[in-house]
Amino acid sequence: MTIEPAAFEALQSLLLGFAFAGLLASAFELFTARRADFKLLQAGGLVAVASVPVVVFSAPFLILRNTVRGRRIEGRPFMFVMLASMVAAVWSMASGRVVLDLLQVLSA
């Protein structure tokens, strides 16, 4: 069984995107003692501007965390959870691609 190079790159981007999102959200929580959340953008001023990269790259993790909590606590419908997971996967693939490209540029 072989895998096409394009499919392998897509899978690699997806996995790296999710891993980087979780790492970034966890590091943010470790260093600031508060949870990474989309509400960081509502702070206004310099704090909101500084938190944009954190929110953008940790968004797949944040979406899945909020979706799983919402399903467990609020009983959100399965279709909502599936749609949110698909959005998180596409976002993860895009951010993983950016991270892979950045790593490639830094290694050259």
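## Note on a three-helix chain

1. Start with A10. Its relative accessible area is 28%, so A10 counts as partly exposed. The residue sits in helix 1. The model is predicted, and every value here should be read as computed from that prediction. A10 and M82 lie 72 residues apart in sequence. In space, their C-alpha atoms are 20 Å apart.

2. Now the overall layout. The chain has three helices and zero strands. Followed along the sequence, the pattern reads α-α-α. Helix 1 covers residues 5-32, helix 2 covers 45-74, and helix 3 covers 78-107. The C-alpha trace spans about 45 × 40 × 20 Å along its principal axes.

3. Burial and contacts come next. The chain has 108 residues, and 27% of them count as buried. Take the contacts with a separation of 6 or more: 69% of these join residues 24 or more positions apart.

4. How do helix 1 and helix 3 pack? Their axes are 6 Å apart and meet at an angle of about 95 degrees. That angle falls in the range from 65 to 115 degrees, so helix 1 is roughly perpendicular to helix 3.

5. Look at who takes part in that contact. From helix 1 come E9, A10, Q12, S13, L14, L16, G17, F18 and F20. From helix 3 come A88, A89, S92, M93, S95, G96, R97, V99 and L100. By type, the residues of this contact divide into 10 nonpolar, six polar and two charged.

6. S13 is a good residue to inspect in helix 1. Is S13 buried or exposed? The cut-off for buried is under 20% relative accessible area. S13 has 2%, so it is buried. Beyond its neighbours within four places in sequence, S13 is in contact with S92, M93, G96, R97 and L100. Those five residues also appear on the helix 3 side of the contact described above. The C-alpha atoms of S13 and M93 are 5.0 Å apart, although 80 residues separate the two along the chain.

7. Turn to charged pairs. The count is three salt bridges. One of them joins the side chains of E9 and R97, at 3.1 Å from N to O. E9 belongs to helix 1 and R97 to helix 3, so this pair ties together parts that are 88 residues apart in sequence. E9 has a relative accessible area of 42%, so it is partly exposed. R97 is partly exposed too, at 30%.

8. R97 has a further partner. It forms a salt bridge with D101, and the closest N and O atoms are 2.8 Å apart. Both residues lie in helix 3, four residues apart, which is about one turn of the helix. D101 is partly exposed, with a relative accessible area of 35%. Together, E9, R97 and D101 are linked in a network of salt bridges.

9. E74 and R76 form another salt bridge, with the closest N and O atoms 3.0 Å apart. Which side of the cut-offs does each partner fall on? E74 is at 56% relative accessibility, so it counts as exposed. R76 is at 24% and counts as partly exposed.

10. Which residues make up the largest nonpolar core? There are seven: A25, F28, A36, L40, V54, V55 and L62. Helix 1 and helix 2 each supply at least two of them. Helix 2 gives the most, with three residues. In soluble globular proteins, nonpolar side chains tend to be buried together.

11. L40 deserves a closer look within that core. Neighbours within four places in sequence aside, L40 is in contact with F28, R34, A48, S51 and V55. Of these partners, F28 and V55 are core members.

12. Finally, V105, a residue of helix 3. Its relative accessible area is 60%, so V105 is exposed. V105 and D37 are 68 residues apart in sequence. Their C-alpha atoms are 29 Å apart in space.

Key. Residues are numbered from 1 along each chain as its sequence is written. This is a predicted model: local features need pLDDT of at least 70, side-chain atom pairs count only at pLDDT 80 or more; totals for chains, interfaces and linings use all residues. Side-chain values use heavy atoms; hydrogens and water are left out. A salt bridge is a side-chain nitrogen of Lys or Arg within 4 Å of a carboxyl oxygen of Asp or Glu. Helices (H or I, at least four residues) and strands (E, at least two) are DSSP runs, numbered from the N terminus. Buried means under 20% relative accessible area, exposed over 50%, partly exposed in between (1.4 Å probe, protein chains only). A nonpolar core is a set of buried Ala, Val, Leu, Ile, Met, Phe, Trp, Tyr and Cys residues joined through side-chain atoms within 4.5 Å. Contact means heavy atoms within 4.5 Å. Axes are lines fitted to C-alpha atoms, for helices over the stretch in contact, and angles run from 0 to 180 degrees between N-to-C directions. Angles under 35 degrees count as roughly parallel, over 145 as roughly antiparallel, 65 to 115 as roughly perpendicular and the rest as oblique. Ala, Val, Leu, Ile, Met, Phe, Trp, Tyr, Cys and Pro count as nonpolar, Asp, Glu, Lys and Arg as charged, and the others, Gly among them, as polar.
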